[in-house]
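These are my notebook entries on one structure, taken in the order in which I looked things up. I began with strand pairing and then turned to the contacts between chains.

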Amino acid sequence: MIELLAQTGLNALYAASYTALVAVGLVLIFGVMGVINFAHGELFMLGAYAIVAVYADWNLPYLVAVAVGMTFVGIVGLGMERAFFRPLRDNPLGGLVASIGFLMILQALVSMGFGVRMEHVPPVTQDVIVITEKVRLPVFRLAVILAAVVLLASLWAFLKKTRFGWALRASAQDPEAAALQGISINQTARIAMFIGAALAGVAGALTAPLISVNPHMGHSVIVTAFIVIIVGGIGSLEGAVIVAVAYAFVHTFVTTFFDGVIADIVGLLLLLAVLIVKPTGLFGSADRA
Amino acid sequence: MAPPILEIDELTMRFGGLTAIDRLSFEVERGAIHGLIGPNGAGKTTTFNVVSGFYKPAGGEVRLRGETISGLRMHEVARRGVVRTFQHSTLFAELSVLENALVGTHMSFPPNIFAAMAGVDKANRRAARARAEEALDFFGLSRLADELAGDLPHGHQRALGMAVALAARPDVVLLDEPFTGMNPEETRRMMELMVKIRNTGVTILLVEHDMHAIMGLCDRITCMSFGRLLAEGNPQEIRHHPDVIEAYLGGARHVA
Amino acid sequence: MTKLAALLGFGAILLALPHALSFSQQEILVFLTINVLVVASYRLLTLTGEWSLGHVVIMGVGAYASALLSKRLGIYVPAAMLLGAGTAAMVALALSFPLFRMKGFYFLIGSFAAGEIIRLLWKRFREPFGGPKGIKKIDPMPDFDIGVYVFDFFEPISYYYFALAVVGVSLWVMWRIERSPVGLTFHAVHWQDRLAEASGVNVRAYRTLAFVLASGFAGLSGALLAHYIGTINPNSFDVEQMVFVLTWTIVGGTATFYGPILGCVVLTVLNEIVLREAGFEQMRPLIYGLIMILSVLFMPKGLESLVRGALSRRNANRKMTGETEATE
């Protein structure tokens, strides 16, 4: 029993790592630009397809593929900012619809380029760390967890220690005051969008070898990310990380001991409960809605 | 002496650690024009918000005709006969002037969805419309009935805000800074209208900064400072009350 | 008088329309008719200012209820449809207790969560919902004869006429509600809920009323759909369908009664007929997505703003000619 718990805990930690990356990106975009990026799951999907193309098809090293995926998706994010989020800054509902439109475009492009069938990426490494007979941690999963920790730590350092990070936090808190301080809203929006998109892309790239890659894989990712950022409190990066970990644990354990659908229902019930008791989320303070 | 229509009794309101109203008590006589004044931040609007049911008080009570109304929700307070206006021009800017006044008649002529679908609510609709037109007429807004409320000039918007409240035929109307943004001529006309309203039997409680209007209009004045009762009396007494002078001069010095 | 003539003419066009279409286009026409009811009911919901992401699931509640009632209990299909609508309204009433503790963005997310929970319950419980495979072989509408026309529901045309009648009556009822003092109160709650409340409006009761009414009509549209296609499953009512409803509504515009209907008709015709005929089979979602982005960028007030612009120009012309007549 203890072994089963330990194994489930390791699985949960892995799920938490990529969930946190996606959710933090979404929070960053919402915080700075005030818009819900519905296409965030498709940015995750693009990151996964970058691995299919660069690593599986062109046989370049995996790490190169991850870097290409991250940068490419970040640049796609910049394009989204310029093409519709910026002109629709005062129209959050319009921004939401535009991102839904973009989601359809991305799905269509990928379906046309790669086909709609599932892609399987060859494993990067088959090594497994055997902790006990029944508790095993594949090395690749460990690498994903570590990569997520490193990325989130460097994002944290960037936000707290650099001038750009300061500007970003300032405009997330109060865009008008930030503009008065001489912070360019366009610039902070670009930075937020690039980082947010790149985080979704890298999450997709990191998990691609472990899941089946298909053009519609973004859907379940975005639903999870929404739950996480609402429960965590929209606009709270720390909240998103903490809730991502907590949610991954609850979901993985319920899936293991009951089934996946029940786990989804439990997650949504938690979301509803939080919305009823404290609509601003567990770690949220300012009401931006 | 007749019992007061509205009693504020030991009312207390806190926001976090800040006490916005501190055991405030005063009474409003039936048929009076009663002013609530005080320097900025004295807690006048907060008092309005508690009386009208927008906030629940932390302590104390508000009684209407002896019945406790504090803690009720805003529409429940309104249904008992206390209707308020808001600071600035809070209106249904996207609706026409007539439609604004029609919303004011909601309590007297409550809509019924089944009657509306069956088309048997014609009498009700006509009566509501007559009431709304009457309220507009009273404030001289009849010829603007089809304009969008948001397009009206400021003075007319304030008048429309009062027309919406008066269309409900309240016993007590709470007016939050009714003269703000009005020129002297508009203020004078509005003062005349308020006396006319009072003469129809409506009790008026108003918050206002325009001292000239307050002194000329009110039967009785309550002055607050830092959430507490500072002084109460008729305009003459308030004008010469040393604490009131001190509070306003202190405020003025602070502003300067 | 001219209004009545225009209305009759429009009705005649709607009756004649299917005869000019191919079989597959007739089927699309049936779906379009049902979807018009979905978007119109969605607008009724948004009248009080709240946007829901659970509307399509509520539609599904009507579909599941009507399908199960007719299949399991043998209830006459039209009666089952009405009961399905009633079930959807009741479910909405129950959901309103937790959901209307929230407003705005939180209501949006809350309604999504509530809808997903219902959908997952269908998926999880094979009895009675059929699990992921849903319900198959749903009883079709029984054929009937009204003297001048024999309804043979094997034909899309017959079902189209039936749906047209149901949707027409529903739209008429919604139109009357919006034009009534109840509708005015909905608008008041939307634009200034505090002032409405100070005028004695029970804001929460009116929000609930709009939600329950809209859900009833959505449930009816779901029942219409279920007995037409004969098979439903949890994925028939997923977020993707909701996104379509949202898009039709926003692209059409919500300021007028006809805005969302316009959005639904124009985008459906564009997507299902123009793009299909033009041979863009695989690229359809791409072009559709592009149209969505372009329309919110360049037509933020929706398609209805074009119509209103044209109408006000015409009225301005008429007014001018009217004034010259008066001076004569």
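Which residue of strand 9 of chain B stands opposite B:Leu36? I looked up the pairing and found B:Thr222 in that position. I note at the outset that the model is predicted.

**Entry 1. The six-stranded sheet of chain B**

I next looked up the two strands behind that residue pair. Strand 3 of chain B covers residues 33-37 and strand 9 of chain B covers residues 220-225; they pair in the parallel sense, over 4 bridges. Both belong to an open sheet of 6 strands, whose order I recorded as 6-7-8-3-9-10. The pairing in this sheet is mixed. At its edges I found strand 6 (82-84) and strand 10 (228-233) of chain B, each of which pairs on one side only. With direction ignored, neighbouring strands of the sheet are turned by 20° against each other on average.

I then asked which helices of chain B lie against these strands. Helix 1 (residues 44-51) of chain B packs on the sheet and touches strand 3, strand 6, strand 7 (172-176), strand 8 (203-207) and strand 9. The direction of helix 1 makes about 145° with that of strand 7 of chain B. Helix 6 (residues 154-166) of chain B lies across strand 6 and strand 7, and runs at about 160° to strand 7.

**Entry 2. The four-stranded sheet of chain B**

I also looked up an open sheet of 4 strands in chain B, with the order 2-1-4-5 and antiparallel pairing. Why is one side of strand 2 and of strand 5 of chain B left without a neighbour in the sheet? Strand 2 (18-28) and strand 5 (67-68) stand at the edges and each has a single partner strand, so one side of each has no neighbour there.

For strand 5 of chain B, I recorded antiparallel pairing with strand 4 (residues 59-64) over 2 bridges. Within this pairing, B:Glu67 is the bridge partner of B:Leu64. Helix 1 of chain B packs on this sheet too, where it touches strand 1 (6-15), strand 2 and strand 4. Its direction makes about 110° with that of strand 1 of chain B. I therefore entered helix 1 of chain B under both sheets, citing its packing on the six strands and on the four.

**Entry 3. Which chains touch**

I found 2 pairs of chains that touch, and chains A and C have the most contacts among them. Chain A and chain B do not touch, their nearest C-alpha atoms being 14 Å apart.

**Entry 4. Chain C against chain A**

I recorded 34 residues from chain C and 39 residues from chain A in this contact. The buried area is about 3400 Å², with 86% of it from carbon and sulfur atoms. How many salt bridges are there between chain C and chain A? The count is 1. C:Arg124 forms it with A:Asp259, and the closest N and O atoms are 2.7 Å apart.

On the side of chain C that touches chain A, helix 4 (77-99), helix 5 (104-124), helix 11 (239-252) and helix 13 (284-298) of chain C each supply at least two residues. Helix 5 of chain C gives the most, with 12 residues. By class, I noted 28 nonpolar, 3 polar and 3 charged residues on this side.

**Entry 5. Chain B against chain C**

Here the contact takes 31 residues from chain B and 26 residues from chain C. The two chains bury about 2500 Å² between them, and carbon and sulfur atoms account for 70% of it. B:Phe92, B:Ile113 and B:Met117 supply 21% of the area that chain B buries against chain C, more than any other three residues. I found 0 salt bridges across this interface, but 3 residue pairs in polar contact.

The elements of chain B that give two or more residues to this side are helix 2 (74-79), strand 6, helix 3 (97-104) and helix 4 (113-118). The residues of chain B on this side divide into 17 nonpolar, 7 polar and 7 charged.

**Entry 6. Salt bridges over all chains**

I recorded 26 salt bridges in the structure. One that I looked up joins A:Lys160 and A:Glu238, with the closest N and O atoms 3.7 Å apart. This pair links distant parts of the chain, 78 residues apart: A:Lys160 lies in helix 5 (residues 139-161) of chain A, and A:Glu238 in helix 10 (residues 237-257) of chain A.

How values were computed:
Residues are numbered from 1 along each chain as its sequence is written. Chains are lettered from A and ligands numbered from 1 in the order in which they are written. This is a predicted model: local features need pLDDT of at least 70, side-chain atom pairs count only at pLDDT 80 or more; totals for chains, interfaces and linings use all residues. Side-chain values use heavy atoms; hydrogens and water are left out. Contact means heavy atoms within 4.5 Å. Buried area is the accessible area (1.4 Å probe) that two parts lose on being put together, summed over both. A salt bridge is a side-chain nitrogen of Lys or Arg within 4 Å of a carboxyl oxygen of Asp or Glu. Ala, Val, Leu, Ile, Met, Phe, Trp, Tyr, Cys and Pro count as nonpolar, Asp, Glu, Lys and Arg as charged, and the others, Gly among them, as polar. Two strands pair if DSSP finds at least two bridges between them. Axes are lines fitted to C-alpha atoms, for helices over the stretch in contact, and angles run from 0 to 180 degrees between N-to-C directions. A polar contact is a pair of N or O atoms within 3.5 Å; within protein, one must be able to donate a hydrogen and the other to accept it, and residues adjacent in sequence count only if both atoms are side-chain atoms.
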